[in-house]
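Let's walk through this structure together, starting inside one chain and ending at the DNA. Keep the viewer open as you read.

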2 protein chains.
Amino acid sequence: MQSTAEENYIKAIYKLSGGGESAVSTTALSESLETKPASVSDMLRKLSAKDLVHYVKYHGVQLTDEGHRVALKIIRKHRLWEVFLVQKLHFTWDEVHEVAEQMEHVKSELLIKRLDEFLGHPRIDPHGDPIPTEAGELREVEQRTLASLEVDQQGVVCRVKDSQPSFLQYLNRVGIQIGTQLQVMDKIPYDNSLEISIEKTKSVILSSDVLEKIFVINP
Amino acid sequence: MQSTAEENYIKAIYKLSGGGESAVSTTALSESLETKPASVSDMLRKLSAKDLVHYVKYHGVQLTDEGHRVALKIIRKHRLWEVFLVQKLHFTWDEVHEVAEQMEHVKSELLIKRLDEFLGHPRIDPHGDPIPTEAGELREVEQRTLASLEVDQQGVVCRVKDSQPSFLQYLNRVGIQIGTQLQVMDKIPYDNSLEISIEKTKSVILSSDVLEKIFVINP
DNA sequence: AAATTAATTTAGACAAACCTAAACATTTAT
DNA sequence: ATAAATGTTTAGGTTTGTCTAAATTAATTT
């Protein structure tokens, strides 16, 4: 079992290496974690002894397979909590991170299993990033703009490109947020606007401007 | 702000002193926290310096007003998370404690405010213990058996006296769990059984045996 | 290719939270 | 009232995770 500090290092290595591709430098880690390079060196020696990273002095670190597995577990927890905070507790995206950062370190397999069920096995977090599966697979999800959907096709909102309050308030008013289920009911050729049904209940007409700013994934 | 360790000491002092009444000994704390008495002495000196406890060497500790306030905050968090785990994630009572113990240390005022709203401002936790208010008041809630309710009176289930699996399964089947809203619809004088409506939907007839084992609070 | 600069590691310290062993208070028993 | 037993604290040490300052290695420039 890893300490909170170790988990944070592993997460940072994962992020900075772009999912485990490239090696990561001590300085990059020290900036990302807001610690001094000397502290990073210390910790890398420790993680290396635990076989969580492959560390060559003066030449950076990479996660081992085990380290990679641990990283995905933490990211899964982080992103599930983000979904919970936004969808159930109505946090805004910017309020979410700091809290999820703490919750991701709570140790309980059962907790995460149940949380996942409670949230309906979400595939993406409120930022549109994919949530690793229980088995530790991270499948990238194809994201498309609402404008690219054909009549009758469905999608779940995963990202919006404009974060101006006025736009977000507009979405709020029509009832669209991350996770909302949409279906294209009709296309108006005149101006390429679409009639969209929201959660299979009400329906609205969205201009092509707006359609370009809303990203969905296939359900 | 207090560390996790400090919070655990404060909580333990609160519990062992019976809510802040009597003083608590070093040994009692060391047993409760599973640490050595020497470690407790260290920490008490530290908490005393922070004015969270009133500590007289060789004569035990008590919480200061500030310490008392902090204790109630932690207990509020712990009990709200317990409600969440049981009501939303379907944890059983024995699975709850260890996890809530970790979650109670997550730092975010907003989180607790929103969690409280999300859960509908519960007044008791899954064990029937009262949840301190945001303002730090802990009002004991009068608990009565279902058998003591009159026709038309309402109650929320807060505790059951029998924890045999067969009994709990029976409750499960009729749809009764902690937090369930009940109302007495009718009394059958013949055997003192009651007709009880469950969550204002279905209704069942419960024998006086069963009625004695279910405790409710006024909503 | 040597010298300078930049990045990294090592060495030695520190705070938090724990420990053991020894010293010191308090309580209890004689 | 004193001695024994019990409870508590102090002193000194350990681990984790951090730090600063000095030493070392790698990269860059001339």
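Which residue stands opposite V216(A) in β8(A)? The partner is V157(A). This is a predicted model, in which local features need pLDDT of at least 70 and side-chain atom pairs count only at pLDDT 80 or more, while totals for chains, interfaces and linings use all residues. Residues are numbered from 1 along each chain as its sequence is written, chains are lettered from A and ligands numbered from 1 in the order written, and side-chain values use heavy atoms, without hydrogens and water.

Strands here are DSSP runs of E with at least two residues, and helices are runs of H or I with at least four, numbered from the N terminus. Strands pair if DSSP finds at least two bridges between them. Strand β4 (residues 154-160) of chain A is antiparallel to β8(A), with four bridges. Strand β3 (residues 143-145) of chain A also runs antiparallel to β8(A), joined by three bridges, and there Q143(A) faces I217(A). In β8(A) itself (residues 214-217), I214(A) and V216(A) on one side and F215(A) and I217(A) on the other are all buried (under 20% relative accessible area, 1.4 Å probe, protein chains only).

Now turn to DNA strand D. It is surrounded by 20 residues, each with a heavy atom within 4 Å; by class, eight are nonpolar, eight polar and four charged. α3(A) gives the largest share, four residues. A phosphate oxygen of the strand is 2.5 Å from a side-chain N or O atom of S3(A), and for T26(B) a phosphate oxygen is at 2.8 Å. D42(A) instead has a side-chain N or O atom 3.2 Å from a base oxygen.

Key
A polar contact is a pair of N or O atoms within 3.5 Å; within protein, one must be able to donate a hydrogen and the other to accept it, and residues adjacent in sequence count only if both atoms are side-chain atoms. Ala, Val, Leu, Ile, Met, Phe, Trp, Tyr, Cys and Pro count as nonpolar, Asp, Glu, Lys and Arg as charged, and the others, Gly among them, as polar. Buried means under 20% relative accessible area, exposed over 50%, partly exposed in between (1.4 Å probe, protein chains only).
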